[in-house]
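I opened this structure to make notes on its strands, cores and helices. My entries follow in the order I looked things up.

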Amino acid sequence: MHDIRLIRENPEAFDTAMARRGLSGVSSQVLAIDTARRAKIQAAEEAQAEQNKASKLVGAAKAKGDEAEFERLRALVSAKKAEVAALNDEAKAEDKALYDLLMATPNVPHDDAPDGDDEDDNVEIRRWGTPKEFAFAPKEHYDLAATKSGLDFETGAKLSGARFVVMSGAVARLHRALAQFMLELHTEEHGLTETWTPVLVREEMMYGTGQLPKFGEDSYKTTEGMWLIPTSEVTLTNIVNGETLEESYLPRRYCAHTQCFRSEAGSAGRDTAGMLRQHQFEKVEMVSVTHPDKSMEEHDRMTRCAEAVLERLEIPYRTVVLCTGDLGAGMRKTHDIEAWLPGQNTYREISSCSVAGDYQARRMNARFKPAEGGKPEFVHTLNGSGLAVGRCLIAVLENGQQEDGSVLLPEALRPFVGGKTMINAEGVLV
């Protein structure tokens, strides 16, 4: 959502920002609707004034016995009343058109977001760790002997269709342990507040964080009109929906471990093998609500929280800044963290940490009261994966694989699996 006043005051700057996203002439569309809307409102106010003036004269004409003037004024009042109603309806229609256009218009990219067309133009800013040299050809996670009995895609497909899995035994326990490890790290060392939220939300919550209207096809909607969350960004961010907070309340830092649901309509045919892209998966999500002056600093902090998970798990990664052509519609700047997957011999995204500025806050009407007084201001919001649990499981399995098909577990994870050190080739934690 955008501040219409800023677009009115500097349409050239707005168009320049939208051009970085490959859009042109957006301000002219916005201002044309806005001009028509304001003209209707002004015309309705003028007609209302004329109606009020005529109404006052009706009684005087009646008292004077001037029947002709009385009838003329009464007809004028009736006509103006109908005109006011029609103009108000037209103004409401223009207002809705403006609202819909602004809701569908992407966020203004931050100056630090590099220009580019697609993921090939993303800019790497750092790497951590060195990919292990294997004395054998490393396998993908679903081909390891250790996971053969614990990853059941056939039963998942029987139960629910493609892109579902049934996990059991050591793999299921390792998956659970990863989520517990992440929550422990974020709450005990990173200062995030663990939060439990619903996975079903009202439609306005999806609008609040920008999943709607543009990305509705990528999510699941129930017959009752509720939506399954694609990530707990939706619930955690909307905690402040409609709220006016004290400045001293900021920043608020949340994390939650939830089931997530995505139809993946926009990713048809991609990553169909294994667990990389599932319709149902788990994530530990991070959300921050901050003062506008602190959001970029918070973005770097959040990125480090996500990177720390991989470092503790001894998984090499690289961090990139998304270019404008790859940047999410609701975000101003995004860091993608990509974990090294030996089975694919490449880095794959495992976390996106993004700053939305006041874009989501305007949609949610989330504000704070400045400590020094003055009018309430919109908060800034950020979100990031800390991490995607299934993808982290893939990274642990593939980076820890041994030649016999067993998987050596990272030391940081062992306390969460009862001190066990590996999943052997028979799929048993030992």
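**Entry: strand β10.** I started with burial in β10. I found 10 of its 11 residues buried, so the strand is largely enclosed by the rest of the structure. I note here that the model is a predicted one.

Next I looked up the partners of β10. Strand β9 (residues 252-261) is joined to β10 by 10 bridges, and the two run antiparallel. I picked one position: Ala-256 faces Glu-285 in β10. Then I turned to β16. It pairs with β10 over 7 bridges, again in the antiparallel sense. Here Val-289 has Thr-381 in β16 as its bridge partner.

**Entry: the largest nonpolar core.** Which residues touch the most other members of the largest nonpolar core? I found Leu-178, Met-182 and Leu-313, in a core of 49 residues. I then listed the elements that give two or more residues to this core. They are α6 (169-188), β10 (280-290), α9 (295-312), β12 (333-341), β13 (346-357), β16 (380-388) and α11 (389-399). The most comes from α6, which gives 10 residues.

I followed Leu-178 further. Setting aside neighbours within four places in sequence, I listed its contacts as Leu-313, Val-389, Cys-392, Leu-393, Val-396 and Leu-413. I also found a second core, separate and made of 14 residues. Among its members are Tyr-254, Met-364, Phe-368 and Phe-378.

**Entry: helix α11.** How many residues of α11 are buried? I got 11 of 11, and the helix is described as mostly covered. The buried set includes Val-389, Cys-392, Leu-393 and Val-396. Those residues I had already met as contacts of Leu-178. Arg-391, Glu-398 and Asn-399 are also on the buried list.

**Entry: Lys-333.** I looked up this lysine in strand β12. Is Lys-333 buried or exposed? Its relative accessibility is 10%, and buried means under 20%, so Lys-333 counts as buried. I then checked what surrounds it, leaving aside neighbours within four places in sequence. Lys-333 is in contact with His-110, Asp-112, Met-296, His-299 and Val-321. The list goes on with Leu-327, Cys-353, Ser-354 and Val-355.

**Entry: the sheet with β8.** I traced an open sheet of 3 strands in the order β8-β14-β15, with mixed pairing. The edges are β8 (244-246) and β15 (377-378). Each has a single partner strand, so one side of each is left without a neighbour in the sheet. I counted 3 bridges between β8 and strand β14 (residues 367-369), which run parallel. Glu-246 is opposite Lys-369 in β14.

**Entry: the sheet with β5.** I found another open sheet of 3 strands, ordered β5-β7-β6, and its pairing is antiparallel. At its edges are β5 (200-201) and β6 (220-221), each paired on one side only. Strand β7 (residues 227-228) meets β5 in the antiparallel sense over 2 bridges. The bridge partner of Val-201 in β7 is Trp-227.

I stayed with Trp-227, which belongs to β7. Its relative accessible area is 7%, and it is buried. Which residues does Trp-227 touch, not counting those up to four places away in sequence? I listed Val-199, Leu-200, Val-201, Glu-203, Met-206, Leu-212, Gly-216, Ser-219, Tyr-220 and Lys-221. I also checked the spacing to Glu-204. Trp-227 and Glu-204 are 23 residues apart in sequence and 9.8 Å apart in space, C-alpha to C-alpha.

**Entry: helices α2 and α3.** I looked up how α2 (residues 11-19) packs with α3 (residues 26-64). The angle is about 130 degrees, and the axes are 8 Å apart. The two helices are therefore oblique to each other. On the α2 side I found Pro-11, Phe-14, Asp-15 and Met-18. They meet Val-26, Ser-27 and Leu-31 in α3. By class, this contact has 5 nonpolar, 1 polar and 1 charged residues.

**Entry: Ala-75.** My last look-up was in helix α4 (residues 67-104), where Ala-75 sits. At 45% relative accessibility, Ala-75 counts as partly exposed. I compared its position with Leu-159. The pair is 84 residues apart in sequence and 70 Å apart in space, C-alpha to C-alpha.

Notes
Residues are numbered from 1 along each chain as its sequence is written. This is a predicted model: local features need pLDDT of at least 70, side-chain atom pairs count only at pLDDT 80 or more; totals for chains, interfaces and linings use all residues. Side-chain values use heavy atoms; hydrogens and water are left out. Axes are lines fitted to C-alpha atoms, for helices over the stretch in contact, and angles run from 0 to 180 degrees between N-to-C directions. Helices (H or I, at least four residues) and strands (E, at least two) are DSSP runs, numbered from the N terminus. Angles under 35 degrees count as roughly parallel, over 145 as roughly antiparallel, 65 to 115 as roughly perpendicular and the rest as oblique. Contact means heavy atoms within 4.5 Å. Ala, Val, Leu, Ile, Met, Phe, Trp, Tyr, Cys and Pro count as nonpolar, Asp, Glu, Lys and Arg as charged, and the others, Gly among them, as polar. A nonpolar core is a set of buried Ala, Val, Leu, Ile, Met, Phe, Trp, Tyr and Cys residues joined through side-chain atoms within 4.5 Å. Buried means under 20% relative accessible area, exposed over 50%, partly exposed in between (1.4 Å probe, protein chains only). Two strands pair if DSSP finds at least two bridges between them.
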